[in-house]
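Got your viewer open and a cup of something beside you? Load the model, colour it by chain, and we'll go from stop to stop.

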Amino acid sequence: MRIDRLRIDAFGQFQRLERELGPELNLFYGPNEAGKSTLLAFVRAVLFGFSRRGASDRYEPEGRTISGELLLNTRSGTYWARRAGSRRFQGELQLRTEDGRQLPPSRLNDALSAISRELFCQVFAFGLHELSSFEELAAEGSVSEALFAAGMLGARRLPFALASLEKSSKTLFASRGSKSEINNLLGDLAQRQQRLAAIGDRPRMYFDRRHELEAIEAQLKARAAARRNFEEQREKLREVDRLWCEMSERRADRDTLADKARQLEFEKQVLSGSSVATPRSAPWRSALAAFDARLEQWRSLEGRRAKLDAKKRILDDQLSELQVPMVAADLAQCKPQVHQEALELVHQELSQAGHALAGAKGRLRSATAARDGIEQQIPKGAGGPASSKRVLPLRWAATISLGVFALGIVSAHLFPLGLRPIALGIAFLLGALFLWAQHSANRAIHAARARNLETQASFLRSARQQELHCTREEESAERHLVDLQLRLRSLLSSQELPEGISAESALQLWARLAAIQQSFSDLAGDQLALDAEERDCRAAAAALLTASASAGLSAQEPLGAAVELRNLLQRSDEAATDLKRTEHLLSQAREQAARHSRKLEQLQQRLEKLAREAGVAEELSSDEQLAFASKQRLRTLDSQLSDLDDKQRSNAERKGGIIKDLETWEKDSELAQLRSREEFLRARITDLAEQYAIQRLAAGLIKQARWRYERDQQPRVIKIASQQFAELTGGRYSCVYTQPDAPDTLFAADAQGKEWTAEQLSRGTREQLYLSFRLAVVQDFAESREPLPLILDDILVNFDPERAQNAVKALARISKAHQVVAFTCHPALRDLFQKHGAHVLSLSQRAVPLLESA
Amino acid sequence: MGFKFVHAADLHLDSPFRAVSADARLGELFRRATLKAFSRIVDLCLRERVQFLVIAGDLFDQKDRSVRARLVLRKELSRLDVAGISTFIVHGNHDPLSDDGGATAFPSSVKVFGACWDEALVLQEGRILCRVQGISYPHERVTEDLSPAFRRQGPEFTVGVLHANLGRNTEHENYAPCTIEGLASRDLDYWALGHVHTRCEYPLPGAGIAVYPGNPQGRHIRELDERGCVLVEVTDGATDRRFFPVDAIRWHRIQVPLTAVTCFEALEAEIEDQLDAWRDSFHDAHVVRVELLGRGSLRQELTKPGALASLEEHLRESLLAREPPVVLESVRDLSRANLDLDAVHAAGGLGASLVTVAKIAKSDRKAFEALWSDPELHRLEAAIRRATVSPLMSEGASLIDRALVQALELLQEDALED
């Protein structure tokens, strides 16, 4: 490939610059800042792309789009390669033939034999800066590999192989990176392993926790039992405390009761002196009672006797008032009832005789009146009733008959002439008929009146007979009455009563005598009774006085004695009652005291038992000690219980936590997932690590093979370089080579066989060595590929004239096969190039219009 | 008199699956798989009315720290206890006595052998039916042979329960290493072994047999196919052994030659075809690793960056939708260039140099260490060691081989045109 023409639209300081190049040796001559380096950058940019924006070698023009083109003459034809600025920093490449036909951009890559920009810049288009260092050229990378590959049989793909291995191995692993696959996986694995480590030995923890849980449950159970025991003890101690209090109270009660009993005993003794014994007081009580029973009689004796006397006098007066020849003694002998009965009998008969006379008289009066009545009725009945009993008077009957007849005549005149006789006949007939009926009725009435008169005459006869009978009855009654009155007089005389009084008065007299007799009899009875009572009363009073005397009392009369004795007995009774009550109270107090004692004994026994059970038996000797110890023990127990509860609570919480952990771990799939992932990652890492190792080993094998090859057989490029270096140095140095253990160092051997490293050479000679090496590469490259143009930017400035001439000579030789484009600002070098047939082009400082060629 | 017993080992209860990132829907299925497998073992014991159950170590993984494992173990053994079935247990390297802490209180019918040899008698109607001997690991790393402690104590059928590595199986830690001859010399009738997760039997010279029932539930891609326990029927001293699968989730490896498929759809169809054979109700899920072999036309597509991951993602989703669900462990591209290392060496140049360097690195310790002296590799080693991931150096030789292949593939000139 060669560059026939370059055309710059805008690049750095150039605008619309066009130059035509010769096919062999070309030289651009111009002063400093004329744009030689810009032109070198332009060629590189068109072939490989613009540098990154902002880079010093991008040469972005101001206000214009960076662009330009080269006319390339290649084995596959001549075409324009145009590169213009675009969105991508490399710019856009277009290939077209001279007649404007578009070509695929890959054609350029083919023409460049697919070399890299670096190789082109280091070997084919370089300046003094690139020339002065071999390190970059020899360093591992595409240039170095390309250099060696160029000279090794079967190693054309070596750079590709190493680059490919390097690239793919870096995607797998990078010791300082984190994005490579193995790095990622290792990171992931480390995380999982960290998590697994954090989880720890799960089964051991699980079963440890289970054991712990069992232990805690056992502990919980034991503590619950201990708690019950403590509570029982506490209850016992509380009971001890309660018992102790109860016993204290009971003891106080018992003492109080003992005091009370003593006092009652004293009272009892006092009361015993005050009371009289019952056997002794019994006769007194009976005498007093007997007297008390007669007391009212005693007091009424005199009054009653006076009353009886007065009553006797009254009776005597009454008897005398009756004016009968009897005194009280007589009266007592007579029998009034007998006399009364006889008188009563006469009195009844007299009364009956009177009644019979009155009846007879009455009946006589009735009979007389009846006869008078009948006699008066008879005359009246003979005349009156006949006329009054007629149906209708006769004159009224004739009148009516005439009326009817007259009515018939009048009616006959009213009728027609033919009917008049008939009407008169009917009227006459009716009048006659009426008169006949009246006559028949009057005859019946006269017959009835005759029968009535006969009946009344019979009644009058019967009434006269009755009146006669009644007159006889009256006369008989009057005779019986006179007889009876005679009998009464004789009786009164026999009873020594006045004869003139009636039977009724006699009866009343006898009734009053009987009453007086009875009163006297009653009075006598009362006197007897009063006498008897008086005797009894005096006996009772005597007995009372005797009793009073025996009781030591001084009263001489019964009433006073009774009062004194009663008082004495009352006092005695009261004392006895008090004594009895006191004795009762005493007995109660003693019973209570006994009960307290018994209860105290029971409590003591119970207390001792509880104290033994509650562990305070030693303190039983003293109540205070016991109470103190019990309270002390209670406090200890409470504190122990509280501790126990705290422990139970904490254990229960722990238990809950453990159960939760166990359940979580039983169900937890995280560990399994982590382990699964860990295994997966391990397997994957093993696979990838093997791949990585294979790639690294392959690269290692290739490098070792290359070194081995180089050691066994110097590559061709080294041979060419040796020839070039000898030519440049005028035979001063004969050989150039590298060593496997220092691949980035070039060695030179002088004509005497002495080995020089590049660093040991002078700067000019070192640049000549490097140039020789590059020229060797270029020649070697051209043997298997299309030759590429060689562009050199003022590289001979450090060469002495002889070696500069040798160099230009060598370039002129090479330019027969490779187009050479050199830049210089040195007139001597320009002349030297011109001398060797170079096509010289000038570069003015300003932009030059089109086709300013030599 | 005949009787039956069940021999199980390496239950690894509630132990996670390796390299399977089960989603939330399947997470519980996976977590329950080992527990379910053990439950099925107990079901078998009850169904077959066995005399006893023998568990030869590794009942659970100490590092899993699973409470559930202990609780389920106790619950299941209680079922046997209720049915009058005894259980004999020894502890292995994953559940040694030192870590047990005596935390798991088993029912009275469970005999756990201690760190010293012990024998228990199985009686029937007052007569000795069988003798069971066992030793538990006192700690994880038991490196001495425990089998010499076993010895016949009577004429009755004798079972030795031991967690041991018979014949230095390199896939497992070489704990309690023992030999067939050593076991045969103890004159026992049946060695109920645990530790090796793959079922196998070793007839012993003379008489007797040593049996690994394998683990009842596979947990990673190296524990493929059916997993379960062994039902042993003893008649007149002779044993008849029947294997019963109990696994709830099964692991599979599917190999698809890329030569046979031309597109991703065909690749998926091929995988689905192979999966169709596993539709059953016995398993809750399947886990599968798909390995792509050969160099067909799809390979170029698959070597594009992200292509394999994309295929894996797509397959993972579509397989998960099956019933029972199929979980994709990974898709592995095992399609390698047809490299003839001798030819590469003969061709010279960098390829020959590579082959030589790799050869020297494998044979020369210093060269090996020089190759491993890559500081980044060292840092990775340190990082994964810190993360308790198994170290890479142990796989060094095989890794160098794979690295050589990769390097040669990358440097192949024709790869330029890829």
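How many residues of chain B are in contact with chain A, and how many of chain A with chain B? The count is 51 residues of chain B against 55 residues of chain A, where contact means that the C-beta atoms, placed from the backbone, lie within 7 Å.

Before you click further, two housekeeping notes. This is a predicted model, in which local features need pLDDT of at least 70 and side-chain atom pairs count only at pLDDT 80 or more, while totals for chains, interfaces and linings use all residues. Residues are numbered from 1 along each chain as its sequence is written, and chains are lettered from A and ligands numbered from 1 in the order in which they are written.

**Stop 1: the side of chain B that touches chain A**

Select α1 (24-48), α2 (67-82), α9 (349-363), α11 (375-386) and α12 (396-411) of chain B: each of them supplies at least two residues of the side that touches chain A. Helices here are DSSP runs of H or I with at least four residues, strands are runs of E with at least two, and both are numbered from the N terminus. Now keep just α12(B), which gives the largest share of that side, 9 residues. Colour the side by class and you get 28 nonpolar, 11 polar and 12 charged residues. For that colouring, Ala, Val, Leu, Ile, Met, Phe, Trp, Tyr, Cys and Pro count as nonpolar, Asp, Glu, Lys and Arg as charged, and the others, Gly among them, as polar.

**Stop 2: zoom out to the chains**

Show chain A as a cartoon: its secondary structure comes to 22 helices and 14 strands. Of its 854 residues, 28% are buried, meaning that 20 or more other C-beta atoms lie within 10 Å of a residue's own (12 or fewer is exposed, in between is partly exposed, and C-beta atoms are placed from the backbone). Switch to chain B and you have 12 helices and 17 strands, with 43% of 418 residues counting as buried. Take contacts between residues at least 6 apart in sequence: 71% of those in chain A join residues at least 24 apart, and in chain B the figure is 69%.

**Stop 3: the cores**

Next, pick Ile685(A), Leu701(A), Leu53(B), Val54(B), Leu193(B), Leu354(B) and Ala407(B). Within the 142 residues of the largest nonpolar core, these touch the most other members; such a core is a set of buried Ala, Val, Leu, Ile, Met, Phe, Trp, Tyr and Cys residues joined through C-beta atoms within 7 Å. Helix α18 (residues 670-712) of chain A gives the most to this core, 16 residues. Centre on Leu193(B): leaving aside neighbours within four places in sequence, its contacts include Ala9(B), Leu162(B) and Tyr212(B). A second, separate core has 83 residues, among them Ile66(A), Ala721(A), Leu790(A) and Phe823(A).

**Stop 4: an open sheet in chain A**

Which strands form the open sheet, and in what order? There are 5, running β8-β12-β13-β3-β14 in chain A, with parallel pairing; two strands pair if DSSP finds at least two bridges between them. β8 (125-127) and β14 of chain A stand at the edges with a single partner strand each, so one side of each has no neighbour in the sheet. On average, neighbouring strands are turned by 15° against each other, direction ignored.

Stay with β14 (residues 839-842) of chain A. Its covered face holds His839(A) and Leu841(A), its uncovered one Val840(A) and Ser842(A). In a regular strand, side chains alternate between the two faces of the sheet. β14(A) is joined to β3 (residues 25-29) of chain A by 4 bridges: look for Leu27(A) with Val840(A) and Phe28(A) with Leu841(A).

**Stop 5: helices over the sheet**

Select α22 (residues 827-835) of chain A, lying across β3, β13 (820-824) and β14 of chain A at about 155° to β3(A). Such angles run from 0 to 180 degrees between N-to-C directions, with axes fitted to C-alpha atoms, for helices over the stretch in contact. Then go to α3 (residues 117-124) of chain A, where 6 of 8 residues are buried, including Phe120(A) and Cys121(A). α3(A) lies across β8 and β12 (790-793) of chain A, at about 55° to β8(A).

**Last stop: Phe126(A)**

Click Phe126(A), in strand β8 of chain A. Buried or exposed? Phe126(A) is buried, because 23 other C-beta atoms lie within 10 Å. Not counting residues up to four places away in sequence, Phe126(A) touches Cys121(A), Leu131(A) and Leu792(A).

How values were computed: Two residues are in contact if their C-beta atoms, placed from the backbone, lie within 7 Å.
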